[in-house]
Amino acid sequence: MYSDVSIAGDPLALPHLLPPVPQHPSTVAEFAGLARSIAADRARWAPLVRYDATTRWYARLQTGPGYEVWLLSWVPGQSSGLHDHGRSSGVLTVLQGELTERALSAGSGEVRRTLVPGGQRTFAPGYLHEVVNDSLEPAVSLHVYFPGLTEMTPYAACTAPSAHEPAQESVRG
Ligand SMILES: [Fe+2]
């Protein structure tokens, strides 16, 4: 059955009929898409990676209205420490190697996940986690924060969300 507004030929060949491609992401799906597109563009991020055994290395890869993209490296044993992300939401993607995430919430308690390239973790404000390189190889990760990360509260090591005690040091992860 034909609609009275059917289009002859290939609609994709008519760019003016397609929704405009946003210059900057503004939805969670678009931020996740941005992370996927950067992850797939190895030539863009691989030359920037540095491994630092004394401190976790990070670099701001991109900024836009209301968001930031960070590149982090992790040598074996390096950890973010337990932290939240202030009022930011985020997308976490492993680009190379393997990371272990320990997330804490009042509802689910402690959940551990192994993060590998190809997967994505999306989180909302208030998300509490620790990321560690428990493997024997260096790892690289990509972090999109929206809005940009202006505050991050580290927590003393604990196992129950109700027991969180903010610590004083600064971390990123
Ligand atoms: Fe984090």
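1. A polar contact is taken here as a pair of N or O atoms within 3.5 Å, one able to donate a hydrogen and the other to accept it. In this predicted model, the side chains of Glu101 and His129 are joined by such a contact at 2.7 Å. A further polar contact, of 3.2 Å, runs between the side chains of Glu101 and Arg121.

2. The setting of Glu101 deserves a description of its own. The residue belongs to strand E5, which covers residues 99–105, and its relative accessible area is 0%, so Glu101 falls in the buried class, for which the limit is under 20%. Leaving aside residues up to four places away in sequence, Glu101 touches Val111, Arg112, Arg113, Leu115, Arg121, Tyr127, His129, Glu130 and Val131. Both partners of the polar contacts described above, Arg121 and His129, are therefore found again in this list of neighbours.

3. Six salt bridges are counted in the model. In one that involves Glu101, the partner is Arg113, and the closest N and O atoms are 3.0 Å apart. This pair links distant parts of the chain, since Glu101 sits in strand E5 while Arg113 sits in strand E6 (residues 109–115), with their positions 12 residues apart in sequence. The two ends are not equally accessible: Glu101 is buried at 0% relative accessibility, whereas Arg113 is partly exposed at 26%.

4. Glu101 also forms a salt bridge with Arg121, where the closest N and O atoms are separated by 3.2 Å. Because Glu101 lies in strand E5 and Arg121 in strand E7 (residues 121–123), this pair ties together parts of the chain that are 20 residues apart in sequence. Here both residues, Glu101 and Arg121, are buried.

5. Another salt bridge is found between the side chains of Glu110 and Arg112, with an N to O distance of 3.2 Å. Glu110 is partly exposed, its relative accessible area being 34%, while Arg112, at 55%, is exposed. Through salt bridges that share partners, Arg102, Glu110, Arg112 and Glu130 are joined into one network. Two members of that network, Arg112 and Glu130, are also listed among the residues that Glu101 touches.

6. Turning to the aromatic residues, the structure holds four aromatic pairs. In one of them, Phe31 and Tyr67, the ring centres are 5.5 Å apart and the planes stand at 65°, so the arrangement is edge-to-face. Phe31 comes from helix H1 (residues 28–40) and Tyr67 from strand E2 (residues 67–74), so this pair ties together parts that are 36 residues apart in sequence. Phe31 and Tyr67 are both buried, and ring pairs link these two residues with Phe146 into a cluster.

7. The pair of Phe123 and Tyr127 has its ring centres 5.2 Å apart and its planes at 15°, so this pair is stacked. Phe123 and Tyr127 are both buried, and Tyr127 is one of the residues in contact with Glu101.

8. Finally, a charged side chain is placed against an aromatic ring elsewhere in the model: Arg56 lies over the face of Trp74, at 4.7 Å from the ring centre.

How values were computed
Residues numbered from 1 in each chain as written. Predicted model: local features only at pLDDT ≥ 70, side-chain atom pairs only at ≥ 80, totals over all residues. Heavy atoms only, no water. Helix = DSSP H or I, 4+ residues; strand = E, 2+ residues; numbered from the N terminus. Buried < 20%, exposed > 50% of the residue type's maximum accessible area, 1.4 Å probe, protein only. Contact = heavy atoms within 4.5 Å. Phe/Tyr/Trp six-rings, centres within 6.5 Å; stacked < 30°, edge-to-face > 60°. Lys NZ or Arg CZ within 6 Å of the ring centre and 35° of its normal. Salt bridge = Lys/Arg side-chain N within 4 Å of Asp/Glu carboxyl O.
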